[in-house]
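Please open the structure in your viewer and keep the selection tool at hand. This tour goes from one selection to the next and says what is there at each stop.

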Amino acid sequence: AVLVESLLVFAVVLSVHAVVWDRFSWCALALAVQAFYVQFKWDRLLQLGGAVFQFRGAANSGLLPASMVMPLLGVVMKERCRAAGIVYFERFGVVVASTGMLLALFLSVLAVGITKPVPTNTCILTGIAGSIIIYTMKHSLTVSEVIEVLEVLLIFVYLSMILLYLLPRCFTPGEALLVLGGVSFVLNQLIKRSLNVIEGRGDPIDFFLLVAVVGVVLLGLFFTVLFIFMDSGTWISSMFFHMMTAVLGLGVIMPWLYRLIQRNPLFWLLQFLFQTQTRLYLLVYWTFLAASACGVVFYQNAKRSSESKKHQASTITRKYFHFIVVATYVPGLIYDRQLLYVAAVLCLAVFIFLEYVRYFRIKPFGQTLRHLLSLFLDERDSGPLILTHIYLLLGMSLPVWLFPRSCAPKGTLPGAGALVPYSGVLAVGVGDTIASVFGSTMGEIKWPGTKKTFEGTMTAIFAQIIAVALILIFDSSVNLNSGYAWILASVSLVSLLEAYTTQIDNLLLPLYLQIMLMA
């Protein structure tokens, strides 16, 4: 299964390399080769318990698929913005690609360094790949860009040491690279933009995303350290939690956002949300869907009898939430993507805050949330945090957040790139959901080495092609012109990756589909 997963990742890398064909695509190829070898060293360390931290069990290290996400995303973003003539974001794509390669190299060197005996061949491969990447960076990056890349690496190292120690068994090495690498990059971008504020420059919704992500992470770190010294389950601790959340929100996050957007954040948000009648209709519709999702949770818990406390929700039951998320995102993508962007940021902040309440057992809702959500746990929630619903939100939202709006003057990219914002809907909302439902109910022929079925994968590909056709009918901004073969190949590769990967598919699949469609 690991070999097939690696072959699929190599197919994506070679596809991007064939389209772009520059020094960075060659670096991505070298990185993929060395990550393939180092992945087995990480797998061995996990099996023998020799890894530095406790990682999530029942999964391989996932180093290769995770290592290629940021570099490939940066490469395709650079190419799209170069074609559009937007130099600033072309350079931004170069920084993203270089940062992703350096973070992946760091994890590889770490694995090689703690493996005993020292694997000579893997050391040589890592050294060659590292030399190629550093040589390319030396001749491609300015001094300020090199400093920026090194800053992200430094933040990543410290953040990894803190969070992987505090949150054992929540991530595989690959998932840690994706999540913590992304948070490190966002934190560095926020610091950089806060120090170089120019009035009127930058989109407020981008600043809103940066401040929200960094704010909730810092909030979590603060309370984790605080509750080491006091019991978080008491009423006094709970009151202190809510009071300090308000203080940090109103005293730190709001002024920070005010400095960036040069206006009152609350007034700006209210004005933004109720700017048009369409937005008002969408907000009412989304409120109804949120209430429906809560209704599903309460109904499923009511069905759980006192005699079957160990009963877990079925795969089909968990996929109800995928259908609700698709119903949420599709109207937003068609009618108002900026509103969807901001609403997804707000929803992420709320989800993470509620997870803090559940994790720390904050009264009055902490214990209730623990009881309600325990029904929907699966084998991937083996650590102290429940992250699958947050990953689902991220998987649907990242293609919207990472869409290079400045490099798409008409609001959409040409050809298959027009489907980029729909990557989460296609890969997770449609593909993963249909594969799970049909695979678990009607699947008989299993892919070698996995529990996934041939019928589930084929049905997922077919469903995504139908979804693309429906998008063409209902979204007038999408005009594919040609590239249907590329779309079919992209959807097929990602669906096969879903069948073979043991990583969090809600996070990985939309990013790979976005990379393919942007290429």
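**Stop one: a lysine and its partner**

Begin by selecting Lys452, which is partly exposed because its relative accessible area is 30%, where buried means under 20% relative accessible area, exposed means over 50%, and partly exposed lies in between (1.4 Å probe, protein chains only). Before going further, note that this is a predicted model, in which local features need pLDDT of at least 70 and side-chain atom pairs count only at pLDDT 80 or more, while totals for chains, interfaces and linings use all residues. Residues are numbered from 1 along each chain as its sequence is written, and side-chain values use heavy atoms, with hydrogens and water left out.

Now add Glu498 to the selection, and you will find that Glu498 forms a salt bridge with Lys452, with their closest N and O atoms 3.1 Å apart; a salt bridge here is a side-chain nitrogen of Lys or Arg within 4 Å of a carboxyl oxygen of Asp or Glu. Glu498 belongs to helix α19 (residues 484–500) and Lys452 to the loop between α17 and α18 (454–474), so the pair ties together parts that are 46 residues apart in sequence. Helices are DSSP runs of H or I with at least four residues, numbered from the N terminus. Unlike a residue that counts as partly exposed, Glu498 is buried, because its relative accessible area is 6%.

**Stop two: more salt bridges**

How many salt bridges does the structure hold? The structure holds 13, and the next two selections show examples.

Select Arg279 and Asp336, whose side chains meet in a salt bridge with an N to O distance of 2.6 Å. This pair links distant parts of the chain, 57 residues apart, with Arg279 in helix α12 (residues 277–303) and Asp336 in the loop between α13 (315–335) and α14 (337–359). Both Arg279 and Asp336 are buried.

Next, select Glu79 and Arg82, whose side chains form a salt bridge at 2.7 Å, N to O. Glu79 and Arg82 both lie in helix α4 (residues 69–84), three residues apart, which is about one turn of the helix. Arg82 counts as partly exposed because its relative accessibility is 44%.

**Stop three: the disulfide**

Stay in helix α4 and select Cys81, then add Cys407: these two cysteines form a disulfide, with their sulfur atoms 2.0 Å apart, and a disulfide is counted where a pair of cysteine sulfur atoms lies within 2.5 Å. The pair links distant parts of the chain, since Cys81 is in helix α4 and Cys407 is in the loop between α16 (388–401) and α17, 326 residues apart. The torsion about the S-S bond of Cys81 and Cys407 is about 95°, so the disulfide is right-handed. Cys81 is buried at a relative accessible area of 1%, and Cys407 is buried at 5%.

Then select Cys294, which is in no disulfide, the nearest cysteine sulfur being that of Cys347, 10 Å away. That distance is too far for a bond. Cys294 counts as partly exposed at 42% relative accessibility, and Cys347 counts as partly exposed at 29%.

**Stop four: two buried polar residues**

Select Gln34 in helix α2 (residues 23–48), which counts as buried because its relative accessibility is 1%. A polar contact of 3.4 Å joins the side chains of Gln34 and Thr126; a polar contact is a pair of N or O atoms within 3.5 Å, where, within protein, one must be able to donate a hydrogen and the other to accept it, and residues adjacent in sequence count only if both atoms are side-chain atoms. Apart from neighbours within four places in sequence, Gln34 is in contact (heavy atoms within 4.5 Å) with Leu105, Ser108, Leu125, Thr126 and Ala129.

Move on to Ser436 in helix α17 (residues 423–442), which counts as buried at 16% relative accessibility. The side chain of Ser436 reaches the backbone oxygen of Asp432 at 3.0 Å. Leaving aside neighbours within four places in sequence, Ser436 is in contact with Thr315 and Lys319.

**Last stop: helix α11**

Finally, select Phe267, which lies in helix α11. Is Phe267 buried or exposed? Phe267 counts as exposed, because its relative accessibility is 59%.
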